[in-house]
Amino acid sequence: MSVARWLLFAALLAALAFTGVRLVASRGDTAAITADLAEARAQLRAGDNQSAAAIARGVLAREPAQGRAFGILAAALAGEGSADDVRQRYQTAVRRAPRDLHMRGWLATRALEVGEYATAIDHLDAMLSVASSSHSELLPMLAQLSQDPAFAEALAAHLALHPRWRPAILRAAASSGLPDAADNLHGALRAQGRLAPDEVARWIDGMLKDGRWGSAYARWVSGLDVVPERLPVPWNGDFARMPTSSGFDWRLRRTNGVVFDRMALPGGAHAARFAFLGRPVASVGLEHPLLLAPGRHLLTLRARTRGLHSDQGLEWTLTCGDGRTRIAQGARVREAHDWTAFELALEVPANDSCEGQWLRLVNPAPRGVAQVLRGELHVTDVTIRRAD
């Protein structure tokens, strides 16, 4: 680890230890906790370890199986004996009171310090399972620690067991703003064959949102069942497969007034069919992320209509991944009873905000009644190739 990574690691350990204490302090006494244990805990918080230990010993003399008394005693005697002695006291305490968050936090912290990640994660799992209030503090810590590939491997091995907080930590990693953490954790799960398709989709979408289009494309390609020698652009432009709405495949957004299905054509070919139900439609709901190199390209496709009634037809737009820079719009379809070829010239700018692009099918008519669509549009053989 770098010096900066070690400093972050140390800060997280301190925060974790504090979290365990704070959660216990805020938990409040229950009916099962005696007044002596409440007093011992108060003495411990006040820094009077000697008095806390004396009270805890008195409780154990009367009730030897009282796990929380072991925990108070372990905390009070943390400065006495060897490190192994202290650790054994905490391990004894957690066996007697497995739901005690302070003891779990202490043991997790010590395990992290010596690189025993699997042990630390077991204790953290107990904390996350027992107290849902701990999620807001522990999950971001786990996400930050996942910047360390070794920790991410250990965490992925535990997540393969599907603890209840698995979806939450994957979301926390993806939204942490720490690319290494998200990639290490998701990548380790995928390597184990334990990353579900919907989890892969969210991972890749997170990369697109962060502007990491190249990384997203590489991760998507590596997950394809069969990778052809030359990947078509766009992928699945002939609709030979049902769109997955994930990765670098067609995305189908649910749109009022539009029904999509995939239709068979003679000779084993396929096309996308859009049925319009007489409602205003601004965007058809069909879009595709792309990773086009800077320069000139040519979009070609074939389309036909069936009783299409529209004010201005339907057309294609290409915008940069930043969502603001429009590259081109055109290849407008108004009426085509037979299959007709359409094309649109594109020129992708060479700037950082246009590493990736979005291709969309839209209705160019102004808002309101002019956007009402009826009838059908069929599309196939969508292809983009370099024009220079």
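What follows is a conversation about how several features of this predicted model get their labels.

Colleague: Let's start with the sheet. What makes strand 5 and strand 8 a pair?

Modeller: Two strands pair if DSSP finds at least two bridges between them. Strand 5 (residues 295-309) and strand 8 are joined by 9 bridges in the antiparallel sense, so they satisfy that rule. One bridge to look at is Gly295 with its partner Val348 in strand 8.

Colleague: And why is strand 8 called an edge strand?

Modeller: The open sheet has 5 strands in the order 2-3-10-5-8, with antiparallel pairing. Strand 8 (340-348) pairs on one side only, and so does the other edge strand, strand 2 (258-264). From one strand to the next, the twist averages 30 degrees.

Colleague: How do you know that strand 10 belongs between strands 3 and 5 in that order?

Modeller: Look at its bridges on both sides. Strand 3 (residues 270-280) and strand 10 (residues 372-386) run antiparallel and share 8 bridges, with Phe274 opposite Leu377. Strand 10 also pairs with strand 5 in the antiparallel sense, over 10 bridges; there, Leu298 has Arg385 as its bridge partner. Both counts meet the minimum of two bridges, so both pairings hold.

Colleague: What about strand 1 and strand 4, which are joined by 2 bridges? How do you know that this is enough?

Modeller: The rule asks for at least two bridges, so a pair with that number still qualifies. Strand 1 and strand 4 run antiparallel, and Leu252 has Leu286 in strand 4 as its bridge partner. Strand 4 also runs antiparallel to strand 9, with 5 bridges between them, and Pro289 is partnered there by Trp358.

Colleague: What makes strand 4 "mostly covered"?

Modeller: Of the 8 residues in strand 4 (residues 283-290), 7 are buried.

Colleague: On to the rings. Why is the pair of Tyr217 and Phe248 called edge-to-face?

Modeller: Two numbers decide that one. The ring centres are 5.0 Å apart, and the limit for a pair is 6.5 Å, so the rings count as paired. The planes stand at 90 degrees, and over 60 counts as edge-to-face, so the label follows. Tyr217 lies in helix 13 (residues 213-222) and Phe248 in the loop between helix 13 and strand 1 (251-252), 31 residues apart.

Colleague: Why is Tyr217 called partly exposed, while Phe248 counts as buried?

Modeller: Buried means under 20% relative accessible area, and exposed means over 50%. Tyr217 has 22%, so it falls in between. Phe248 has 2%, so it is under the buried limit. Both rings belong to one aromatic cluster, together with Trp213, Trp220, Trp235 and Trp358.

Colleague: Then why is the pair of Trp250 and Trp316 tilted?

Modeller: Its centres are 6.3 Å apart, with 50 degrees between the planes. That distance is within 6.5 Å, and the angle is neither under 30 degrees nor over 60, so the pair is tilted. Trp250 is in the loop between helix 13 and strand 1, and Trp316 is in strand 6 (residues 314-320), 66 residues apart. Both tryptophans are buried. In total, the count is 10 aromatic pairs.

Colleague: How do you know that the charge of Arg302 sits over the ring of Trp339?

Modeller: The charged end of Arg302 is 5.0 Å from the ring centre. The limit is 6 Å, with a further condition on the ring normal, so the distance part is met.

Colleague: What makes Cys320 and Cys354 a disulfide?

Modeller: Their sulfur atoms are 2.0 Å apart, and the cut-off is 2.5 Å, so they qualify. The count comes to 1 disulfide. Cys320 lies in strand 6 and Cys354 in the loop between strand 8 and strand 9 (357-362), so the bond ties together parts 34 residues apart in sequence. Both cysteines are buried.

Colleague: And why is the disulfide called left-handed?

Modeller: The torsion about the S-S bond is about -85 degrees, so left-handed is the label.

Colleague: One last residue: why does Glu199 count as buried?

Modeller: Glu199 has 9% relative accessibility, and the limit is 20%, so buried is the right word. Glu199 is in helix 12 and touches Arg166, Leu170, His186 and Arg194, leaving aside residues up to four places away in sequence. Arg166 and Leu170 are among the buried residues of helix 10 (residues 166-174).

Note on methods. Residues numbered from 1 in each chain as written. Predicted model: local features only at pLDDT ≥ 70, side-chain atom pairs only at ≥ 80, totals over all residues. Heavy atoms only, no water. Helix = DSSP H or I, 4+ residues; strand = E, 2+ residues; numbered from the N terminus. Axes fitted to C-alpha atoms, helices over the stretch in contact; angles between N-to-C directions. Phe/Tyr/Trp six-rings, centres within 6.5 Å; stacked < 30°, edge-to-face > 60°. Buried < 20%, exposed > 50% of the residue type's maximum accessible area, 1.4 Å probe, protein only. Lys NZ or Arg CZ within 6 Å of the ring centre and 35° of its normal. Contact = heavy atoms within 4.5 Å.
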